[in-house]
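User: Please take a close look at one part of this protein for me. I care about the helix that feeds its nonpolar core, and about what surrounds that helix.

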Amino acid sequence: MNDVSQADRYLLDQIRRGSSDGWTQLVERYQGRLLAFARGKMPRAADAEDLVQDTFVSFLQGLPRFREEAGLETYLFTILRRKIITWFRGKQTNVCFLQDTLASEGEDSTDAAEVLADSGPTASWYVRRDEQEEQQRAALSAALREIIDGYKRKLDFQHLSIVEMLFFCQLRNKDIAAVAGVSENQVALCKHRCLNEIRATIRERPGGESAPVSDALLSRIWREERPSCLKRSTIGAYLLGTLDDAWRDYVSFHLDRLGCAFCRANLADLQEQTRVQPAPAFRDRILQSTIGFLSRVDR
């Protein structure tokens with residue numbers, strides 16, 4: 001799993017103690033990239049700002065239930081993404097990038113921190129089921145991240161790009177072959193090898209032997225945990241033109257062809273930082289709207 005960084009954990013500890021300084025630092029750290037992401041999706045800048053503001057409110061409201069199993073950036077993006085899906089539900093949107101081909105209909109529109117209530121079997125039955133599913137998902141997530149990291153270490157960006165299109169975008173083999181410049185048989189072989197690697201990797205992990213390895217589950221993990229997303233430092237190096245050719249071409253694909261909205265938001269934020277110092281007005285608006293929730297955080 002993409003755990004919370006040491007710097008973010010320090011801020012979270014401060015916020016849980018009711019520190020307004022810690023909350024201000026967290027807002028300043030993430031407001032730019034969240035706003036860039038929302039502006040890339042929403043028709044009006046004002047709507048984007050409203051959703052980002054709501055995201056920080058929801059984050060504070062759900063903080064007592066945040067178990068720090070995912071990175072803080074991923075968690076905030078998940079909240080914001082679901083708010084955007086809710087906003088657009090029932091409306092027609094334009095497809096601009098490969099990742100936009102993934103339909104949002106049927107996705108959970110609740111905030112990441114919310115827990116859905118259910119009825120039926122006993123509570124203990126749900127506890128056992130949830131523990132088993134959590135183990136299975138953790139094993140699958142770790143295996144997927146390990147395989148992706150292996151592609152990157154070997155600079156095998158062709159296979160990584162194909163796997164991204166298979167599971168992140170859920171494109172057809174025919175369409176992937178056209179984008180990657182390979183045959184459909186090569187795409188099918190790449191998928192077969194990847195799934196076999198995942199199954200072999202999870203066997204050694206708790207809960208892994210019984211973990212389902214389906215396209216749908218892999219796609220869900222990819223959307224929620226973003227295992228192939230670029231480090232912020234890598235995007236910065238891309239902007240500076242200091243990456244080698246293989247990395248530069250892959251980063252360009254990930255940003256401009258795949259159209260990963262999360263990494264494009266980081267790119268836009270970094271570009272904005274190189275132009276001007278962000279005005280404090282939007283930060284102050286967020287702080288004013290959330291300060292009342294800070295005192296309610298369960299400490």
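Analyst: What follows starts with the overall fold, moves to the helix you asked about, and then works outward.

The model is predicted. The secondary structure comes to 13 helices and 0 strands. Read from the N terminus, the order of elements is α-α-α-α-α-α-α-α-α-α-α-α-α. The protein has 299 residues, and buried ones make up 46% of them. Take the contacts between residues at least 6 apart in sequence: 74% of these join residues at least 24 apart.

Now the core. The largest nonpolar core has 84 residues. Trp23, Leu26, Val52, Phe56, Phe59 and Ile198 touch the most other members. Helix α2, residues 20–39, gives the most to this core, with 9 residues. As a general point, nonpolar side chains tend to be buried together in soluble globular proteins.

Leu26 is a good place to begin on α2. Set aside its neighbours within four places in sequence. Leu26 is then in contact with Leu11, Leu12 and Ile15. It also meets Phe56, Phe59 and Leu72. Phe56 and Phe59 are themselves among the residues that touch the most other core members.

Leu11, Leu12 and Ile15 lead to the helix packing. Helix α1 covers residues 6–16, and its axis comes within 8 Å of the axis of α2. The two axes cross at roughly 140°. Roughly antiparallel would need an angle over 145 degrees. At roughly 140°, therefore, α1 is oblique to α2. The crossing of α1 and α2 is left-handed. On the α1 side, the contact is made by Ala7, Asp8, Leu11, Leu12, Gln14 and Ile15. On the α2 side, it is made by Gly22, Trp23, Gln25, Leu26, Arg29 and Tyr30. In general, an α-helix has 3.6 residues a turn, so residues three or four places apart point the same way.

Trp23 leads to the aromatic rings. The structure holds 12 aromatic pairs. One of them joins Phe66 and Tyr75 in a stacked arrangement, 4.2 Å centre to centre with 20° between the planes. Phe66 and Tyr75 are both buried. Another pair, Phe77 and Phe262, is edge-to-face: 5.2 Å centre to centre, 70° between the planes. That pair links distant parts of the chain, 185 residues apart. Phe77 sits in helix α4, residues 72–88, and Phe262 in helix α12, residues 261–275. Phe77 counts as buried because its relative accessibility is 0%. Phe262 has 4% relative accessibility, so Phe262 counts as buried too. Ring pairs also link Trp23, Phe56, Phe59, Phe66 and Tyr75 into a cluster. Three of those names, Trp23, Phe56 and Phe59, also appear among the residues that touch the most other core members.

Back to α2, with a charged residue this time. Arg33 is in this helix. Its relative accessibility is 9%, so Arg33 counts as buried. Leaving out residues up to four places away in sequence, Arg33 touches Glu73, Phe77, Arg232, Ala265, Asn266 and Asp269. Phe77 is the α4 partner in the edge-to-face pair. In sequence, Arg33 and Cys263 are 230 residues apart, yet their C-alpha atoms are 8.8 Å apart in space.

Another long-range approach involves Ser289, in helix α13, residues 280–294. At 23% relative accessibility, Ser289 counts as partly exposed, because buried means under 20%. The C-alpha atoms of Ser289 and Asp54 are separated by 8.8 Å, although their positions lie 235 residues apart along the chain. Ser289 touches Gln53 and Val57, again not counting residues up to four places away in sequence.

Last, a covered helix elsewhere. Helix α6, residues 157–168, is mostly covered, with 10 of its 12 residues buried. Those buried residues include Phe157, Ile162, Glu164, Phe167 and Phe168. Gln170 follows α6 and has a positive phi, near 55°. Both Phe167 and Gln170 are touched by Ser219, leaving aside residues up to four places away in sequence. Ser219 is in helix α9, residues 215–225. With 1% relative accessibility, Ser219 counts as buried.

How values were computed
Residues are numbered from 1 along each chain as its sequence is written. This is a predicted model: local features need pLDDT of at least 70, side-chain atom pairs count only at pLDDT 80 or more; totals for chains, interfaces and linings use all residues. Side-chain values use heavy atoms; hydrogens and water are left out. A nonpolar core is a set of buried Ala, Val, Leu, Ile, Met, Phe, Trp, Tyr and Cys residues joined through side-chain atoms within 4.5 Å. Buried means under 20% relative accessible area, exposed over 50%, partly exposed in between (1.4 Å probe, protein chains only). Helices (H or I, at least four residues) and strands (E, at least two) are DSSP runs, numbered from the N terminus. Contact means heavy atoms within 4.5 Å. Rings of Phe, Tyr and Trp (its six-membered ring) pair if their centres lie within 6.5 Å; planes under 30 degrees apart count as stacked, over 60 as edge-to-face and the rest as tilted. Axes are lines fitted to C-alpha atoms, for helices over the stretch in contact, and angles run from 0 to 180 degrees between N-to-C directions. Angles under 35 degrees count as roughly parallel, over 145 as roughly antiparallel, 65 to 115 as roughly perpendicular and the rest as oblique. A crossing is left-handed if the near helix is turned anticlockwise from the far one by less than a right angle, and right-handed if clockwise.
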